[in-house]
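Open the model in a viewer and keep the selection panel at hand. The stops below can be followed in order.

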Amino acid sequence: MAFEMHNMDMKQGDTLKIKGKVTDDGDRFAVNLGSCADHIALHFNPRFDDVTIVCNSMCNGSWESEQRDSNFPFSKGVEVKIHITFKGDNFEIKLPNDHVIEFPNRLSLDKITYLAVHGNFKMISFKCS
Ligand code: GAL
C-alpha cells in the first residue's frame with residue numbers, strides 16, 4: 001500500500017489531479033476511488049505486463065466487469081499527471097497524452113471519500129477541487 005485516505009471530499013464536478021512517478025519496481029499500479037476499500041467506483045489500473053489500462057469497479061468486495069483501453073501513455077521512471085473528473089454519471093480520466101477514458105459510476109455514489117494508490121507509482125502530490 002503506497003497511499004490511502006478515507007476522508008476525501010470529492011463531489012460531482014470536482015477534478016482530482018495526481019502527480020507522481022511511475023517506478024521501476026513492478027508492472028502495475030492502481031488508483032482507486034470509492035467509499036472504502038471494498039466499494040470502489042473507479043479502479044484505474046495501468047498494466048505494463050499487458051500494455052493495457054484496465055478500469056473496473058468493486059461492489060462489496062467483488063470485482064465487476066473490466067473495461068480495457070489499449071492507449072498506454074506510461075513508461076517506467078517517468079513523472080506523469082493524471083486528472084480524474086467526477087462527472088456524477090461517470091468518471092473522465094485524462095491521461096498524460098490528453099487521451100480521455102470514460103468509466104461509468106456503476107455504484108451510483110454521489111460523493112467519493114476514499115482514495116488509494118497501489119503499485120509502482122510514487123505519489124508526488126495531489127489536489128482535489
Ligand atoms: C484482477 C486483479 C485486481 C484488479 C482486477 C480488476 O485480476 O487481481 O488487482 O486489477 O483484476 O478487474
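The shell around the ligand divides into 1 nonpolar, 3 polar and 2 charged residues. In this division Ala, Val, Leu, Ile, Met, Phe, Trp, Tyr, Cys and Pro count as nonpolar, Asp, Glu, Lys and Arg as charged, and the others, Gly among them, as polar. To display the shell, select His43, Asn45, Arg47, Asn56, Trp63 and Glu66, which surround the ligand; a residue is near a molecule or strand if one of its heavy atoms lies within 4 Å of it.

This is a predicted model, in which local features need pLDDT of at least 70 and side-chain atom pairs count only at pLDDT 80 or more, while totals for chains, interfaces and linings use all residues. Residues are numbered from 1 along each chain as its sequence is written, and side-chain values use heavy atoms, with hydrogens and water left out.

**The ligand**

Stay with the ligand and color strand β5, residues 39-47, which gives the most to the shell, with 3 residues. Strands (E, at least two residues) and helices (H or I, at least four) are DSSP runs numbered from the N terminus.

Next, show the side chains of His43, Arg47 and Glu66. An N or O atom in the His43 side chain is 2.8 Å from an oxygen atom of the ligand. For Arg47, a polar side-chain atom lies 2.9 Å from a ligand oxygen. The side chain of Glu66 has an N or O atom 2.6 Å from an oxygen atom of the ligand. Of the 310 Å² that the ligand exposes when taken alone, the protein buries 60%; accessible areas come from the Shrake-Rupley method with a 1.4 Å probe, and for residues only the protein chains shown count as cover.

**The nonpolar core**

Which residues have the most contacts inside the largest nonpolar core? Select Leu33, Leu42, Phe44, Phe74, Ile93 and Ile112, which hold that place in a core of 33 residues. Strand β9, residues 79-86, gives the most to this core, with 4 residues. A nonpolar core is a set of buried Ala, Val, Leu, Ile, Met, Phe, Trp, Tyr and Cys residues joined through side-chain atoms within 4.5 Å. Buried means under 20% relative accessible area, exposed over 50%, and partly exposed in between (1.4 Å probe, protein chains only).

Center on Phe74. Not counting residues up to four places away in sequence, Phe74 touches Val22, Phe29, Phe44, Pro46, Phe48, Ile53, Val80, Ile82, Leu95 and Pro96. Contact means heavy atoms within 4.5 Å.

**Phe29, Phe48 and Asn120**

Move to Phe29, in strand β4. Is Phe29 buried or exposed? Phe29 counts as buried because its relative accessibility is 1%. Beyond four places in sequence, its contacts include Phe44, Phe74, His118, Gly119 and Asn120. Measure the C-alpha to C-alpha distance from Phe29 to Val117: the two are 88 residues apart in sequence and 7.3 Å apart in space.

Phe48 lies in the loop between β5 and β6 and, at 16% relative accessibility, counts as buried. The C-alpha atoms of Phe48 and Arg28 are 6.0 Å apart, with their positions 20 residues apart along the chain. With neighbours within four places set aside, Phe48 is in contact with Val22, Asp27, Phe29, Phe72, Phe74, Ser75, Lys76 and Asn120.

Asn120 is found in the loop between β13 (114-119) and β14 (121-128), and counts as buried at 1% relative accessibility. Its side chain reaches the backbone oxygen of Gly26 at 3.1 Å.

**Thr23**

Select Thr23, in the loop between β3 (15-22) and β4 (29-36). The side chains of Thr23 and Asp25 are joined by a polar contact of 2.6 Å. Such a contact is a pair of N or O atoms within 3.5 Å; within protein, one must be able to donate a hydrogen and the other to accept it, and residues adjacent in sequence count only if both atoms are side-chain atoms. Farther along the sequence than four places, Thr23 is in contact with Lys76, Gly77, Asn120, Phe121 and Lys122.

**Two positive phi angles**

Most residues other than glycine have a negative phi. Val51, in the loop between β5 and β6 (52-59), has a positive phi of about 50 degrees. Asn60, in the loop between β6 and β7 (62-63), has a positive phi near 45 degrees. Asn60 is exposed, with a relative accessible area of 62%.
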